[in-house]
Amino acid sequence: MSKITIAELLARKEQDGKIAMLTAYDYPMAKLVDEAGVDLVLVGDSLGMVVLGYETTAPVTMDEMIHHARAVRRGVARALLVGDMPLMALRASAPEVLRHATRFVQEAGCDAVKVEWREGIDDSVRTMVGANIPVMGHVGLTPQTAASEGGFGLRGKDAESAKTIIAQAQGLERAGCFAIVLECLPDPVAQEITKRLRIPTIGIGSGPHCDGQVLVLYDAIGLYERLKPKFAKRYADAASLVRGAASAFVNEVRSGTFPGKEQTPTMAPDEADKLRRELDRKNSTQPSAHSRQSK
Ligand code: KIV
């Protein structure tokens, strides 16, 4: 299968084809989701919570993002690879934001970056797009600032706040974004944005009428148990799988059934005999440590 391009994603919207995006944070998972056929792989700053164990995504650094993005790059052959700009990279001036985005492209080999909406972000988007770095936007619930904006619930519940979010999405499109994530928006609001934008919308907790859908991989496979967002469908129970495998290992080590014959390396019997004979001969010609001490 050929590599996914931005032109193809835009064409997909025109042809009513749906876009599938998942997050990944390391090489093996990236390879699996890429082979499964996702169109985009996002190295989300959700890694701060689901991989690094922080309480929120706020402490995630650019160095942490680059470290994981480089591993993911090695696993992704077909999907478009997007690096998520963490909060501390977006709090800067437009030239500084560009410097961080350039790291995603040059050091990690990402095809694009993603930015959560915040005041003044359109300027930074224009600067990055002007430097040929494709940018994906993100409106609605923006996890980086959610704690100071009333928590992790639905956004755009009333007409006034919905109009504000629609305007933010339109601003990001005008600034040059090639796609936009809509997080935790009521279905009618997601539909309005999807209808009004030329670029694809990729929903998370925003209903079925977006041009595509994204999930945090560890929610989708049931590996992150601390939070269970209502909108995040679980397609597997990886936590039980891992726990089951780990406890079977512990039991087998304790009972002595692992390693078994199949996992035990051996050597030619004549070589093993020779080894024992030679070691025995050496032992019988050398004084033991005990006899040396007693002299
Ligand atoms: O960080 C992340 O994983 C995200 C997705 C929820 C879209 O931003």
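User: Why does Asp16 count as exposed?

Analyst: Its relative accessibility comes out at 68%. Buried means under 20% relative accessible area, exposed over 50%, and partly exposed in between, using a 1.4 Å probe and protein chains only. So 68% puts Asp16 in the exposed class. One heads-up: this is a predicted model, where local features need pLDDT of at least 70, side-chain atom pairs count only at pLDDT 80 or more, and totals for chains, interfaces and linings use all residues. Residues are numbered from 1 along each chain as its sequence is written, and side-chain values use heavy atoms, with hydrogens and water left out.

User: Where is Asp16, and what makes its phi worth a look?

Analyst: Asp16 sits in the loop between α1 (6–14) and β1 (19–23); helices (H or I, at least four residues) and strands (E, at least two) are DSSP runs, numbered from the N terminus. As for phi, Asp16 has a value near 60°, which is positive in a residue other than glycine.

User: And Cys184: is it buried or exposed, and how do you know?

Analyst: Cys184 has a relative accessible area of 6%, so it is buried. Like Asp16, it isn't a glycine, yet its phi is positive, at about 55°. You'll find Cys184 in the loop between β6 (179–183) and α9 (187–196).

User: What makes β6 "mostly covered"?

Analyst: Count the buried residues: 5 of its 5. Ala179, Val181 and Glu183 point one way from β6, while Ile180 and Leu182 point the other way. The general pattern is that side chains in a regular strand alternate between the two faces of the sheet.

User: How do you know that β5 and β6 are paired?

Analyst: Two strands pair if DSSP finds at least two bridges between them. Strand β5 (residues 135–140) and β6 have 5 bridges, in the parallel sense, so they clear that bar. Two spots to find on screen: Gly140 has Glu183 as its bridge partner in β6, and Gly137 stands opposite Ile180.

User: What about β8, which strands does it pair with?

Analyst: β1 pairs with strand β8 (residues 212–215) in the parallel sense over 4 bridges. Strand β7 (residues 201–204) is joined to β8 by 2 bridges, and these strands also run parallel. Look at Gln213 in β8: it is the bridge partner of Ala20, and it is also the bridge partner of Gly203.

User: What makes this a barrel?

Analyst: The 8 strands close up in the order β1-β2-β3-β4-β5-β6-β7-β8, with parallel pairing. Neighbouring strands of this sheet are turned by 25° against each other on average, direction ignored.

User: Why is α6 called oblique to α7?

Analyst: Helix α6 (residues 94–106) and helix α7 (residues 121–130) pack at an angle of about 50°, with their axes 9 Å apart. Axes are lines fitted to C-alpha atoms, for helices over the stretch in contact, and angles run from 0 to 180 degrees between N-to-C directions. Angles under 35 degrees count as roughly parallel, over 145 as roughly antiparallel, 65 to 115 as roughly perpendicular, and the rest as oblique. That makes α6 oblique to α7.

User: Which residues make that contact?

Analyst: Ala94, Val97, Leu98 and Ala101 from α6 meet Asp123, Ser124, Thr127 and Met128 from α7; contact means heavy atoms within 4.5 Å. They split into 5 nonpolar, 2 polar and 1 charged. (Ala, Val, Leu, Ile, Met, Phe, Trp, Tyr, Cys and Pro count as nonpolar, Asp, Glu, Lys and Arg as charged, and the others, Gly among them, as polar.)

User: How do you know whether His68 is buried or exposed?

Analyst: His68, in helix α4 (residues 62–75), has a relative accessible area of 12%, so it counts as buried. Leaving aside neighbours within four places in sequence, His68 is in contact with Tyr25, Val43, Leu47, Val51 and Leu52.

User: Last one: what class does Gly120 fall in, and why?

Analyst: Gly120 has a relative accessible area of 47%, so it is partly exposed. Gly120 is in the loop between β4 (112–114) and α7. Its C-alpha atom is 9.9 Å from that of Leu90, 30 residues away along the chain.
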